[in-house]
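Welcome to a short set of exercises on reading a protein structure. Have the sequence and the 3D view open, try each task yourself, and then follow the solution step by step.

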Amino acid sequence: MNATGGTPHGPGDDTPDRAQQVTGASGVPAEQSDLPNGPVQPAKKPSVVLGVGGGIAAYKVCDLLRRLTESGHSVRVVPTAAALEFVGAATWAALSGQPVTADPFDNVQEVPHVRIGKGADLVVVAPATANLIAKAAHGLADDLLTNTLLTARCPILFAAAMHTEMWEHPATQANVATLRSRGITVLDPAVGRLTGADTGRGRLPEPSEIFAISQLMLADSAARAAGQSVADLTGKHVLISAGGTREHLDPVRYLGNSSSGKQGYALARIAAARGAKVTLVAANSELPDPAGVQVVPVTSTRDLYDEITGRAADADAIVMAAAPADFRPADVAEHKIKKTEDGAVPAVSLIQNPDILATVSHDRRRSGQVIVGFAAETGDADHSVLDLGRAKLERKGCDLLVVNDVSGGKVFGSDINEAVILDRDGNAMPVPSGSKDALAGVIWNLVATHWH
Ligand SMILES: Cc1cc2nc3c(=O)[nH]c(=O)nc-3n(C[C@H](O)[C@H](O)[C@H](O)COP(=O)(O)O)c2cc1C
């Protein structure tokens with residue numbers, strides 16, 4: 001059973017430890033360009049070099065390539081010889097529409113060992129093997145990809161994937177540190193099932209995540225070229241909630257809601273890209289951990305309450321994008337509730353959950369702290385969605401309230417969002433339909449104006 005338990009507060013968000021580390025380019029959301037004060041986009045079709053290393057995850061990079069080409073990038077795939085043992089040149093050439101070779105001596109008249117790197121707006125290396133990381137750290141240039149890495153003057157992103165032992169080896173760690181010290185962004189491998197039967201840190205970060213970061217890096221370098229600041233949240237610690245809570249009735253059933261966590265994850269990704277230290281308290285979301293974000297998984301509204309209130313004192317901003325349940329079952333059955341012979345239906349009695357947004361708003365533990373709530377409203381016969389939003393802003397005592405109209409199943413699970421952001425001075429800022437990353441960018445712009 002997955003019934004609706006209480007009213008969700010917002011669209012929204014979950015997993016602990018600093019799973020992935022991003023260093024180097026700080027990034028801003030690419031989709032923000034159509035929004036007020038958004039950063040500029042690259043003028044021409046961005047030229048991306050996709051370097052592929054000889055790892056088992058090379059096949060997943062076909063998906064990354066498809067995402068890049070379908071979103072309008074010109075992509076030159078440069079595999080290593082080992083990579084071609086896993087996925088052949090024909091696949092890369094057909095998917096990219098460009099010639100593919102690992103050998104700098106092919107088409108020498110075009111001087112590919114220099115030209116490809118110099119012409120790139122971004123180089124993405126995935127999977128970045130231990131060997132490639134080592135060669136790049138030491139400046140070796142014995143194939144087309146390593147030559148390209150030395151001639152490129154654009155941002156470079158390495159998405160590492162290898163067995164845990166290889167990743168944890170001091171040599172690899174030293175090489176990664178060297179790359180990061182040069183401003184190269186290195187994504188740590190993700191945790192999960194590895195090539196054999198083993199499990200641990202070593203998996204390639206999800207292609208969707210590598211794609212999202214590549215977009216941030218392209219927008220970041222375009223903004224830098226236009227003289228815009230992109231790391232405007234540096235030095236700030238932001239605390240974000242995401243997902244939908246679950247209130248258990250028995251060990252297998254719960255009252256829940258449809259929040260996917262996408263908006264909260266977008267807020268976390270964009271804040272990290274803009275330089276903030278980010279903690280994401282995530283309730284039951286299946287989304288991959290955003291790179292560079294500490295993810296704390298929770299299940300119920302009370303878990304979420306404990307994590308948010310326990311961390312509030314350290315946060316410069318708290319953004320409550322999760323959809324916690326207002327109510328939970330008064331009793332949780334120890335064993336699975338069974339049907340009875342007489343067909344009697346068990347009564348479920350509900351009790352109220354703590355109000356997290358009101359608690360952190362009324363009990364501010366840090367001066368200058370900015371608190372943002374979300375309101376998922378459907379309106380009713382007497383009140384518009386905005387009327388309900390204004391009343392909620394007043395009642396909760398937060399600084400900003402992002403009001404979503406969720407009637408007709410809008411917002412939940414979608415990649416698109418549209419909102420009106422209310423502030424305490426009575427202003428209402430409509431944010432047109434766009435990606436959840438774009439809305440996240442606008443929210444951080446508004447939070448930043450409270451700090452300045
Ligand atoms: C089946 C198989 C899977 C491999 N997976 C990885 C991997 O995920 N990461 C890694 O660093 N090396 C992996 N290796 C080892 C690399 O292929 C080897 O170090 C190679 O020299 C890397 O070359 P490159 O970095 O030039 O692509 C794997 C080897 C085999 C045979």
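**Exercise 1.** Which residue in E13 is the bridge partner of Ala282?

*Solution.* Keep in mind that this is a predicted model. Start with the two strands: E12 covers residues 277-283 and pairs with E13 in the parallel sense over five bridges. Now look across from Ala282, and you find that its bridge partner in E13 is Pro297. Move on to Ala283, whose bridge partner in E13 is Val298. As background, strands of a sheet pair through backbone hydrogen bonds, either parallel or antiparallel.

**Exercise 2.** Place E13 in its sheet, and explain why this strand is described as largely enclosed.

*Solution.* Begin with the strand order, which is E13-E12-E9-E14-E17-E18-E19-E20 in an open sheet of eight strands with mixed pairing. The edge strands are E13 and E20 (428-435), each of which pairs on one side only. From one strand to the next, the twist averages 20°.

Next, see what packs on this sheet. Helix H10 (residues 262-273) touches E9 (237-243), E12, E14 (317-320) and E19 (416-423), and its direction makes about 155° with that of E9. Helix H11 (residues 301-311) lies across E9, E12, E13 and E14, running at about 165° to E12.

Finally, check burial, where a residue needs 20 or more other C-beta atoms within 10 Å of its own to count as buried. Four of the five residues of E13 (residues 294-298) are buried, so the strand is largely enclosed by the rest of the structure.

**Exercise 3.** Describe the sheet that contains E4, and find the cis peptide bond associated with Pro127.

*Solution.* First write down the order: five strands form an open sheet, E3-E2-E4-E5-E6, with parallel pairing. E3 (74-79) and E6 (185-187) are the edge strands, each pairing on one side only. The twist here averages 15° from one strand to the next.

Then go to the middle of that list. E2 (residues 47-52) and E4 (residues 122-128) pair in the parallel sense over four bridges, and Leu50 has Val124 in E4 as its bridge partner. Helix H1 (residues 61-70) lies across E2, E3 and E4, running at about 175° to E2.

Last, follow E4 to Pro127, which is found in this strand. The peptide bond from Ala126 to Pro127 is cis, with omega near -10°.

**Exercise 4.** Are Asn107 and Val111 buried or exposed?

*Solution.* Locate them first: Asn107 lies in the loop between H3 (89-96) and H4 (112-118), and Val111 has its place in the loop between H3 and H4 too. Now count neighbours. Asn107 counts as exposed because it has 12 C-beta neighbours inside 10 Å. Val111 counts as exposed because it has 12 C-beta neighbours inside 10 Å. While you are there, check the backbone: phi is near 50° for Asn107, a positive value in a residue other than glycine. For Val111, also a residue other than glycine, phi is positive and near 45°.

**Exercise 5.** Which residues come nearest to the ligand, and which helix gives the most to the shell around it?

*Solution.* Of the 17 residues around the ligand, Gly54, Gly55, Ala82, Thr129 and Asn131 come nearest. Helix H5 (residues 130-138) gives the most to the shell, with three residues. Sorting the shell by class gives 10 nonpolar, seven polar and no charged residues.

Definitions and conventions: Residues numbered from 1 in each chain as written. Predicted model: local features only at pLDDT ≥ 70, side-chain atom pairs only at ≥ 80, totals over all residues. Near = placed C-beta within 6 Å. Nonpolar A, V, L, I, M, F, W, Y, C, P; charged D, E, K, R; others polar. Pairing = 2+ DSSP bridges. Axes fitted to C-alpha atoms, helices over the stretch in contact; angles between N-to-C directions. Contact = placed C-beta atoms within 7 Å.
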